[in-house]
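Here's a quick briefing on how some helices pack against each other. Have a look at the model first, then read on.

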Amino acid sequence: MDFSLFIPETFLLLMALIFFCQTLWATSAKTIQGWAIFLSAIGVILSLFTLNATGDLFYKSYRVDLFSQAFKCLISLGLFLVIALGQKFKSIEERLQPEFFMFLCLSALGLMLMVSSIELVTIFIAMELSSYSIYVLIPIRKQNNGSQMEAAIKYIIFGAAATGVMIFGMSYVFGVTQSTYLVDILKKMPLILGQPIALIGLLLVLCGFFFKLAVVPFHFWTPDVYQGAANETVSFVATMPKLAGVALLLRITSLAGTQAVDLIQVLVLLSAVSMTFGNLAALVQKDLKRLLAYSSIAHAGYVMLGVLTINAVGFGAAIYHIAAYLLMNLACFLVICSLSREGENILVSDLSGLYRRAPLLAFTLAVGAFALAGIPPTAGFTGKLFLFTAALNQGHLALVIIAAVNTAISIYYYLNIVRTAYGQDPNGLPEVTLSFSNRVLNYGLILAIILMGALPAWFIELARTACKTIIS
């Protein structure tokens, strides 16, 4: 076996072991956080180093190709940003921080395994490794008002239900194809897709990934988990599992091919409902994290626009948008973590006069909100443009009109955030002092969001090339 194909995963496992060892003896929180940032930065470099690696592992149940390696780069980058924006991890007790970082690494490892898995049982095991780590992470919060326990229980219950449905679907797929390998299923699926049992099985398998993406009706956990969990934990849960969810959604959907009309119609319905429900619910939210939760449901609907095209152009647009979502969502969470003094939740009213209290932070919030709304020249605008164009080219005019209307609705609540930060007086709220590393992170995210939106050619070409490896 060529272990060089397994470098990013091995490094994450070593990171988890290092933090496990740190749970055994007393180490200062500052030292642990420094190690976490340093090691996660090395993880990004190693993932970039293996970007062009190809090969099969573990009896061809695990594939390393451009598609999987691109997602591993995004997962490594996301883990580094989540750790870096947490700064002092004010929401997490110091004695629990080694465990916190250990489970972050294990969950990221599970996500990496997911994006390379091409066998149903392997996908299930990788998904559970990631999910169980998140189950432990959610209740770890300094404030003990019970909301974090409620959030954890809801996530476990809905996660277990989604997993059960997914396994049920896998049994159907195995029953009609006599194989758990996606390569074999890909060959047989076009011949048997006319059978209702095959279509139902495929849809049930997709339910597990709909849960990760928070697509309606698998979204119920989202607002409560966002509100109840620690800010640093939510920044991970809100972005990283969605990357792996999109990767698996693209891999499984590509099995059906463009002739699967019934499947496409179901995806169209889920996309329209997710966009509309998420944006309408976000209009009335006062808690910033709950607002971002409903916003994430809407963005899951936007991503579905690319998924339902079942071609390299649409799939590439979906990858581009979820990568942009990682940056613009983490920009908003950077503001939340910086404003929160003791790890408490931030209300929209807490943003009042932010441009006077911390001008750089206000600008980061504005760029992140503009990008989420889809205002040029940000990455969010370019991502939606790619998605809308891909769906329109496949004849989904009505759905694109619904998406455009939803974008207009979303502009109201995103601009309301910016208006509160720039258009209102501080009203006695304290100034916010940013450290040097925090400033660098602010500038980095601002530049990344704008450059990715203004110069998208390299990334979208890479995404489309990667998608051609999974579409026959």
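Which hand does the crossing of α6 and α8 have? α6 passes α8 in a left-handed crossing (the near helix is turned anticlockwise from the far one by less than a right angle; clockwise would be right-handed). Keep in mind that this is a predicted model, where local features need pLDDT of at least 70, side-chain atom pairs count only at pLDDT 80 or more, and totals for chains, interfaces and linings use all residues. Residues are numbered from 1 along each chain as its sequence is written, and side-chain values use heavy atoms, with hydrogens and water left out.

**α6 with α8**
- Helix α6 (residues 147–177) packs on helix α8 (residues 196–213) at an angle of about 150°, and their axes are 7 Å apart.
- That makes α6 roughly antiparallel to α8 (angles over 145 degrees count as such, those under 35 as roughly parallel).
- Among the residues in contact (heavy atoms within 4.5 Å) are Phe158, Gly159 and Ala162 from α6, and Gly201, Leu204 and Gly208 from α8.
- The residues of this contact split into 19 nonpolar, four polar and one charged (Ala, Val, Leu, Ile, Met, Phe, Trp, Tyr, Cys and Pro are nonpolar, Asp, Glu, Lys and Arg charged, and the others, Gly among them, polar).

**α8 with α12**
- The axes of α8 and helix α12 (residues 261–282) cross at roughly 30° and come within 11 Å.
- That makes α8 roughly parallel to α12.
- Here the crossing is right-handed.
- α8 brings Leu199, Leu202, Leu203, Leu206 and Phe210 to the contact, while α12 brings Asp262, Leu263, Val266, Leu267 and Leu270.
- Those residues divide into nine nonpolar, no polar and one charged.

Key. Axes are lines fitted to C-alpha atoms, for helices over the stretch in contact, and angles run from 0 to 180 degrees between N-to-C directions. Helices (H or I, at least four residues) and strands (E, at least two) are DSSP runs, numbered from the N terminus. Angles under 35 degrees count as roughly parallel, over 145 as roughly antiparallel, 65 to 115 as roughly perpendicular and the rest as oblique.
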